[in-house]
Amino acid sequence: EPTLSKLIHSLRLKGYLYAHASQSKLIIDPAIKTATVQYHIILGPQIIAAPLKIKADGLSPDLIKRYMYFNAPQPYSLEWFEHARVNLLSSDYFKSVKLNTHWKQMKHHTVPISVITLPKKSYSKLTGIGYDSDIGFKLLLGLRAHRLNAQGHRLQSIVAFSTRDTHFNLQYQIPGTNPVTDNWTIEITRQSHLDLNFAYSRYWLGRLEFKHLTENNMLRISTNWKQETASNTTQTHHLVYPELDLLKEFEFPRAHIDVPTKIKFKMMTRLGIPYQNNTHHYFNQWTLSLRARLPITTAHQLLISATTQKSFSHSLEDIPSSLQFAAGGMQSVRGYAYNSLGPAKNINLATLEYRHQLTGLWYLATFMDMANLHASLNGPWYRSAGVGLVWISPLASVSINVARAIAQPTHPWRLQLSVYT
């Protein structure tokens with residue numbers, strides 16, 4: 001029965017909505033000890049979606065069809081119909097989407113489809129506020145133009161202010177051939193103040209980026225231009241660096257547990273190519289990270305992460321300060337001050353955290369973090385351990401940690417807080 005159901009389902013995806021099995025036969029051959037099942041399936045007519053009648057003010061019908069994966073002749077299926085509606089709603093162009101199948105107008109097994117959309121406002125405001133022990137209070141203000149032309153191009157500008165980080169970012173976004181998964185971005189960033197703790201940095205950054213994003217995979221390829229000055233060097237860095245990011249996520253359902261096991265693998269590499277300054281050399285950087293969420297029960301889970309970051313360069317000075325590796329703070333080794341471990345050409349990080357669900361979205365956490373500032377794993381490790389309270393929702397997050405720097409002689413305690421909306 002499962003085999004027959006899968007077969008019928010695959011046929012209906014191809015437009016054979018009325019496909020069904022009329023009879024089945026089991027044939028047993030004792031001589032060679034095999035059993036064969038024969039199905040007799042009546043396909044019925046193949047239903048084809050007619051060329052679309054599209055009402056989408058300001059956007060080209062071709063862009064709408066690409067979001068719907070419409071390729072004439074398009075076999076009609078309920079799954080295709082629902083995916084097309086979801087893709088249009090997820091595009092961020094529309095306030096509402098209505099797809100209609102006009103069965104009464106079907107001729108020669110071809111059924112007309114109409115698309116009626118209600119567009120969003122042309123512009124929307126972006127706001128965010130938060131506090132982090134590492135960077136202090138943070139305020140984000142921005143404006144997003146949802147559609148600049150019939151091809152669906154977008155424009156987004158953001159200004160961010162905090163004690164350690166003040167910058168302006170402008171992005172021009174272009175839908176790809178498959179706009180559901182592929183997008184191009186032209187980006188300019190002016191970092192007027194960046195306090196890395198070990199240096200102050202200012203830079204201009206230009207980026208051309210292609211991103212392919214699906215439910216469990218991400219590929220990002222970019223070419224970057226950067227001009228940076230920093231307090232820990234007397235020379236200005238002028239460089240171009242291509243960058244590659246890969247992300248792969250695996251999800252495994254667990255029997256009798258609502259929360260699945262998730263494993264996330266990420267790789268990043270960049271090649272720094274200096275120009276206008278003969279004293280700087282080429283450099284290459286790699287980051288490999290693995291994160292896993294392992295549920296023990298619905299209310300108990302383990303979080304494990306490991307990261308290694310490597311730089312291949314003549315010296316650390318060849319790498320701009322904003323691209324140098326450092327650790328310490330809420331996002332790496334809790335119990336140590338922000339970026340107090342480093343800068344370094346190489347860093348290895350590891351975290352083991354246990355979370356217990358108290359109620360709703362609140363979790364009690366206990367953790368141990370480790371960092372090593374050498375190319376190998378044999379060098380000294382900086383360790384910290386502590387407890388925390390975590391609240392996570394789709395709209396905001398709160399994290400309060402008390403951690404102790406075990407590797408320091410006096411084993412100092414540090415309170416760290418993070419609140420973001």
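These are my notebook entries on one pocket, a run of strands and two residues in a predicted model.

**Entry 1: the pocket**

I started with the second largest pocket, which holds about 460 Å³ of space. I found 19 residues lining this pocket, and the closest to its centre are Arg 154, Gln 173, Asn 183, Lys 211 and Leu 213. Next I asked myself which elements give two or more residues to the lining. They turn out to be α3 (78-90), β12 (165-175), β13 (182-195) and β14 (200-213). β13 gives the largest share, with four residues. I also sorted the lining of this pocket by class, and got five nonpolar, eight polar and six charged residues.

A reminder to myself on the idea behind this: rolling a probe the size of a water molecule over the atoms shows where empty space is left.

**Entry 2: from β12 to β13**

Three of the pocket's elements are strands, so I looked up how they pair, because strands count as paired when there are at least two bridges between them. β12 and β13 run antiparallel, with eleven bridges. As one pair to look at, I picked Gln 171, which stands opposite Glu 187 in β13. The two strands make a hairpin, and six residues sit between them.

**Entry 3: from β13 to β14**

How many bridges join β13 to β14? I got twelve, and these strands are antiparallel. Asn 183 has Lys 211 in β14 as its bridge partner. I had already met both names, since Asn 183 and Lys 211 are among the residues closest to the pocket centre. Another bridge links Ile 186 with Leu 208 in β14. β13 and β14 form a hairpin too, with four residues between them. In that turn I noted Asn 197, which has a positive phi of about 80°.

**Entry 4: from β14 to β15**

I kept going along the chain to β15, residues 217-230. β14 pairs with β15 in the antiparallel sense over 13 bridges. Here I marked Leu 205, whose bridge partner in β15 is Lys 226. This pair of strands is a hairpin as well, with three residues between β14 and β15.

**Entry 5: Ser 201**

I stayed in β14 for a look at Ser 201. Is Ser 201 buried or exposed? Its relative accessible area is 1%, so Ser 201 is buried. The side chain of Ser 201 makes a polar contact with the side chain of Glu 228, at 2.9 Å. I then listed what else Ser 201 is in contact with, leaving aside neighbours within four places in sequence. The list has Gln 191, His 193, Leu 194, Leu 196, Glu 228, Thr 229, Ala 230 and Ser 322.

**Entry 6: Phe 250**

My last stop was Phe 250, which is in strand β16 (residues 237-254). With a relative accessible area of 38%, Phe 250 comes out as partly exposed. Not counting residues up to four places away in sequence, Phe 250 touches Thr 261, Lys 262 and Ile 263. I also checked Phe 250 against Ala 292, which is 42 residues apart from it along the chain. Their C-alpha atoms are separated by 9.4 Å.

A general note to keep beside the strand entries: in a regular strand the side chains alternate between the two faces of the sheet.

Definitions and conventions:
Residues are numbered from 1 along each chain as its sequence is written. This is a predicted model: local features need pLDDT of at least 70, side-chain atom pairs count only at pLDDT 80 or more; totals for chains, interfaces and linings use all residues. Side-chain values use heavy atoms; hydrogens and water are left out. On a 1 Å grid over the protein atoms alone, a cavity is a set of points where a 1.4 Å probe fits but cannot get out, and a pocket is an open set with protein on both sides within 12 Å along at least five of seven lines; lining residues have an atom within 4 Å of a point. Grid points are joined across faces, edges and corners, and a volume is the space filled by probe spheres set on the points. Ala, Val, Leu, Ile, Met, Phe, Trp, Tyr, Cys and Pro count as nonpolar, Asp, Glu, Lys and Arg as charged, and the others, Gly among them, as polar. Buried means under 20% relative accessible area, exposed over 50%, partly exposed in between (1.4 Å probe, protein chains only). A polar contact is a pair of N or O atoms within 3.5 Å; within protein, one must be able to donate a hydrogen and the other to accept it, and residues adjacent in sequence count only if both atoms are side-chain atoms. Contact means heavy atoms within 4.5 Å.
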